[in-house]
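Welcome, and thanks for taking a look at this one. Please open the structure below and keep it in view as you read.

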Amino acid sequence: MKAYILDQYGKGRPLRLADVPDPVAGAGEVLIEIHATALNQLDGKLRDGAFKPIVPYKPPFVLGHDLAGVVVAVGRGVRRFKVGDAVYARPRDLHIGTFAERIAVNEADVAAKPATLSMAEAASIPLVGLTAWQVLVEIAKLKRGQKVLIHAGSGGVGTLAIQIASHLGASVATTASAANADLVRSLGADTVIDYRTQDFSEMLSGYDVVLNSLDGTTLEKSLKVLKPGGKLISISSPPDPAFARAMGLNIVLRLVLRVMSAGIRRKAKRAGVDYSFLWMHADGGQLAELGALIDQGAIRPVIDRTFAFAQLNEAMTYLDSGRAKGKVVVTLPAAATPTTEASA
Ligand SMILES: NC(=O)c1ccc[n+]([C@@H]2O[C@H](COP(=O)([O-])OP(=O)(O)OC[C@H]3O[C@@H](n4cnc5c(N)ncnc54)[C@H](OP(=O)(O)O)[C@@H]3O)[C@@H](O)[C@H]2O)c1
């Protein structure tokens with residue numbers, strides 16, 4: 001099959017389109033023919049080598065974290081899916097590789113594709129949708145009437161987070177540029193702050209939750225808008241000791257992360273705020289819940305641009321600009337694979 005390989009870590013390094021052996025569905029896995037994939041900042045950061053100590057992929061490997069497609073084979077013990085099912089997924093760390101025609105994925109990471117979405121739309125959801133869900137539902141336990149600030153509301157995570165928070169009945173403020181104000185309002189933002197001309201930390205107060213996806217300065221300023229007992233949840237930096245433990249990192253890395261996060265943890269404690277860092281995880285069950293909300297019309301995908309598989313490197317360059325409104329999606333030819341037998 002065809003796949004995009006990262007041969008070596010390197011900033012902005014193009015991926016190489018190559019012929020690689022077809023994957024096989026192992027026990028508990030489904031083999032999926034990929035119809036569409038989406039790009040994430042995580043792909044760029046992995047390519048650049050920024051996360052080598054945390055998720056130690058050894059080049060050459062196939063990049064890519066999101067997919068929508070059709071099950072073409074099932075491995076031993078698979079119960080929830082059968083050949084022909086339309087699905088979407090974010091394969092778990094160290095088992096990624098959706099910039100390819102096919103991939104074998106643990107069935108626990110997979111959910112039925114929302115019926116109301118095209119393959120391209122469905123591929124835009126998993127990584128960012130799960131991230132927003134895990135911040136707002138799993139960690140923040142956001143409730144009706146609470147106030148949440150979502151930074152970078154026009155980005156991949158932000159466009160989903162605004163909709164989830166709004167669906168949960170929270171009052172939503174977001175930072176976005178003026179050009180994206182209508183977009184974020186249409187997704188459910190009640191208060192829109194133009195980050196280029198206004199200072200959110202002077203305008204907001206008494207918030208219950210902040211989702212930070214921006215830099216350290218924004219993170220620190222976010223403390224000012226939270227009320228005592230509020231939650232500051234960062235997905236950009238800095239990782240905290242709980243994350244280091246959960247990832248099973250070695251003692252040196254644990255120490256490094258403890259030191260890196262010491263400043264914000266100290267300031268948060270002083271403000272009576274709970275600081276945590278989230279590294280999202282694959283979860284087919286949560287994807288099914290998101291799918292139900294999508295099919296009910298509570299959440300919609302936001303796609304900035306769609307590229308053909310042959311243009312995946314151009315798509316990566318576009319993602320690197322950091323200006324995408326919602327998601328950058330890549331569609332595949334998805335040649336029919338007439339496999340009907342279990343392959344493991
Ligand atoms: N820890 C995790 O598990 C996890 C998961 C997902 C994402 N992340 C991280 O979260 C960050 C965001 O991811 P993403 O996929 O949402 O990124 P993205 O889609 O590439 O974000 C682009 C958007 O951010 C907006 N933006 C840029 N600078 C801004 C600022 N200073 N204030 C407000 N908006 C700003 C841009 O709007 P303008 O063009 O108007 O500037 C653009 O619409 C990345 O660093 C990513 O690596 C972490």
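In which loop is Pro-60 found? Pro-60 sits in the loop between helix 1 and strand 4, the latter spanning 61–62. Please bear in mind that this is a predicted model. The notes below start with backbone geometry, then turn to the ligand and to two helix contacts.

**Backbone geometry**

- Most peptide bonds are trans, and most residues other than glycine have a negative phi.
- Pro-59 and Pro-60 are joined by a cis peptide bond, with omega at about 0 degrees.
- Another cis peptide bond runs from Ser-237 to Pro-238, and its omega is near -15 degrees.
- To find Pro-238, go to the loop between strand 13 (226–234) and helix 8 (241–246).
- Leu-94 has a positive phi, near 70 degrees, although it is a residue other than glycine.
- You will meet Leu-94 in the loop that links strand 6 (86–89) with strand 7 (102–106).

**Around the ligand**

- The ligand is surrounded by 23 residues, and the closest are Gln-41, Ser-154, Ser-177, Tyr-195 and Ala-324.
- Sorted by class, this shell holds 10 nonpolar, 10 polar and three charged residues.
- At least two residues of the shell come from each of helix 1 (41–48), helix 3 (126–139) and helix 4 (156–167).
- Gly-156 places a backbone N or O atom 2.7 Å from an oxygen atom of the ligand.
- Val-157 also has a backbone N or O atom by an oxygen atom of the ligand, at 2.9 Å.
- Leu-278 offers a polar backbone atom that is 2.7 Å from a nitrogen atom of the ligand.
- On its own the ligand has 940 Å² of accessible area, of which the protein covers 86%.

**Helix 3 with helix 11**

- Helix 3 packs with helix 11 (residues 284–295) at an angle of about 95 degrees, and their axes are 10 Å apart.
- Because of that angle, helix 3 counts as roughly perpendicular to helix 11.
- From helix 3, the residues in this contact are Pro-126, Gly-129, Leu-130, Trp-133, Gln-134 and Glu-138.
- Helix 11 meets them with Gln-286, Leu-287, Glu-289, Leu-290 and Leu-293.
- The contact of helix 3 with helix 11 has six nonpolar, three polar and two charged residues.

**Helix 1 with helix 12**

- How do the axes of helix 1 and helix 12 (residues 312–320) cross? They do so at roughly 100 degrees and come within 10 Å.
- Helix 1 is therefore roughly perpendicular to helix 12.
- Gln-41, Asp-43, Gly-44 and Arg-47 in helix 1 face Met-316, Leu-319 and Asp-320 in helix 12 across this contact.
- By class, the contact of helix 1 with helix 12 is made of two nonpolar, two polar and three charged residues.
- Gln-41 appears twice in this briefing: it is one of the closest residues to the ligand, and it also takes part in the contact with helix 12.

Key. Residues are numbered from 1 along each chain as its sequence is written. This is a predicted model: local features need pLDDT of at least 70, side-chain atom pairs count only at pLDDT 80 or more; totals for chains, interfaces and linings use all residues. Side-chain values use heavy atoms; hydrogens and water are left out. A residue is near a molecule or strand if one of its heavy atoms lies within 4 Å of it. A polar contact is a pair of N or O atoms within 3.5 Å; within protein, one must be able to donate a hydrogen and the other to accept it, and residues adjacent in sequence count only if both atoms are side-chain atoms. Accessible areas come from the Shrake-Rupley method with a 1.4 Å probe; for residues, only the protein chains shown count as cover. Helices (H or I, at least four residues) and strands (E, at least two) are DSSP runs, numbered from the N terminus. Ala, Val, Leu, Ile, Met, Phe, Trp, Tyr, Cys and Pro count as nonpolar, Asp, Glu, Lys and Arg as charged, and the others, Gly among them, as polar. Axes are lines fitted to C-alpha atoms, for helices over the stretch in contact, and angles run from 0 to 180 degrees between N-to-C directions. Angles under 35 degrees count as roughly parallel, over 145 as roughly antiparallel, 65 to 115 as roughly perpendicular and the rest as oblique. Contact means heavy atoms within 4.5 Å.
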